[in-house]
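Biologist: Could you take me through this chain one feature at a time, giving the reasoning behind each reply?

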Amino acid sequence: MVYTYMAVFRNQENSDIFYAWIPDITGCIATGTIFDDAVSQITDALMGFLLDYEDYDRPIPEPTPGFDIDYEEEDFVWPVTIDTDAYRSMLNKLDFAAIKAWKEDIIASVIEPDSDFIKEY
């Protein structure tokens, strides 16, 4: 399913940090070190919320049109579009066994088998 919600962005004073939130989704917030990072982070956060709503058959809040969003003068509104079907399709194509084997190979090459790190854990 494709969803488009409006995100509100606020730049922290004297900083490159941006705060972002989706007014229609309580708790859907993010921060970024620059605007593009904040867009990426709020997109990920929104994806997580919408996947959860779909997976547990929770009612999905209706998106508010951009011109009806309440925001402060220093804020700005930007649309965020999510495609949960495309995301699920991408996840289904991942080979998690290969990723696990790759991770184990990396750990084996970095940590000696008889190291104190291995013994502690």
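Biologist: In this predicted model, does Asp-70 count as buried or exposed?

Modeller: Asp-70 sits in the loop that runs between helix H1 (35-55) and S4. A residue counts as exposed when its relative accessible area is over 50%. Because the relative accessibility of Asp-70 is 73%, the class for this residue is exposed.

Biologist: Which residues gather with Asp-70 in a patch of negative charge on the surface?

Modeller: Patch members must have over 30% relative accessible area and no salt bridge, and Asp-70 has a relative accessibility of 73%. The residues gathered with Asp-70 in this negative surface patch are Asp-68, Glu-72 and Glu-73.

Biologist: Which side chain meets Glu-74 in a salt bridge at 3.8 Å?

Modeller: The rule asks for a side-chain nitrogen of Lys or Arg within 4 Å of a carboxyl oxygen of Asp or Glu, and the N to O distance here is 3.8 Å. With Glu-74, the side chain that forms this salt bridge is that of Arg-10. The pair links distant parts of the chain, 64 residues apart, with Glu-74 in the loop between H1 and S4 and, in strand S1, Arg-10.

Biologist: How do the two partners differ in accessibility class, exposed or partly exposed?

Modeller: Glu-74 has a relative accessibility of 52% and therefore counts as exposed. For Arg-10 the relative accessible area is 29%, so the class of Arg-10 is partly exposed.

Biologist: Which residue in helix H2 meets Glu-54 in a salt bridge, and why does the pair tie together separate parts of the chain?

Modeller: The side chains of Glu-54 and Arg-88 meet at 2.9 Å, N to O. Because Glu-54 lies in helix H1 and its partner in helix H2 (residues 84-93), the pair ties together parts that are 34 residues apart in sequence. The residue in helix H2 is Arg-88.

Biologist: Which other residue of helix H1 meets Arg-88 in a salt bridge?

Modeller: This salt bridge also has an N to O distance of 2.9 Å, and the pair links helix H1 to helix H2 across 33 residues. Arg-88 counts as partly exposed because its relative accessibility is 27%, and its partner, at 45%, counts as partly exposed too. That partner in helix H1 is Asp-55.

Biologist: How many bridges join strand S1 to strand S4?

Modeller: Strand S1 (residues 2-11) and strand S4 (residues 76-83) run antiparallel, and within this pairing Tyr-3 stands opposite Ile-82. The number of bridges that join the two strands is eight.

Biologist: Which residue takes a positive phi in the hairpin of S1 and S2?

Modeller: S1 is also joined by four bridges to strand S2 (residues 18-21), again in an antiparallel arrangement, and Val-8 stands opposite Trp-21 in S2. Six residues lie between the strands of this hairpin, and the one with a positive phi near 55 degrees is Asn-14.

Biologist: What is the accessible area of the nonpolar patch that includes Leu-94?

Modeller: Leu-94 has its place in the loop between H2 and helix H3 (96-110), and, with a relative accessible area of 37%, Leu-94 is partly exposed. On the surface Leu-94 forms a nonpolar patch with Tyr-87, Met-90 and Leu-91, and the accessible area of these residues together is about 310 Å².

Methods:
Residues are numbered from 1 along each chain as its sequence is written. This is a predicted model: local features need pLDDT of at least 70, side-chain atom pairs count only at pLDDT 80 or more; totals for chains, interfaces and linings use all residues. Side-chain values use heavy atoms; hydrogens and water are left out. Two strands pair if DSSP finds at least two bridges between them. Patches are made of residues with over 30% relative accessible area and no salt bridge: like charges are joined within 9 Å, nonpolar side chains (Val, Leu, Ile, Met, Phe, Trp, Tyr) within 5 Å. Accessible areas come from the Shrake-Rupley method with a 1.4 Å probe; for residues, only the protein chains shown count as cover. Lys and Arg count as positive and Asp and Glu as negative; His and the chain ends are not counted. The place of a charge is taken as NZ of Lys, CZ of Arg, CG of Asp or CD of Glu. Buried means under 20% relative accessible area, exposed over 50%, partly exposed in between (1.4 Å probe, protein chains only).
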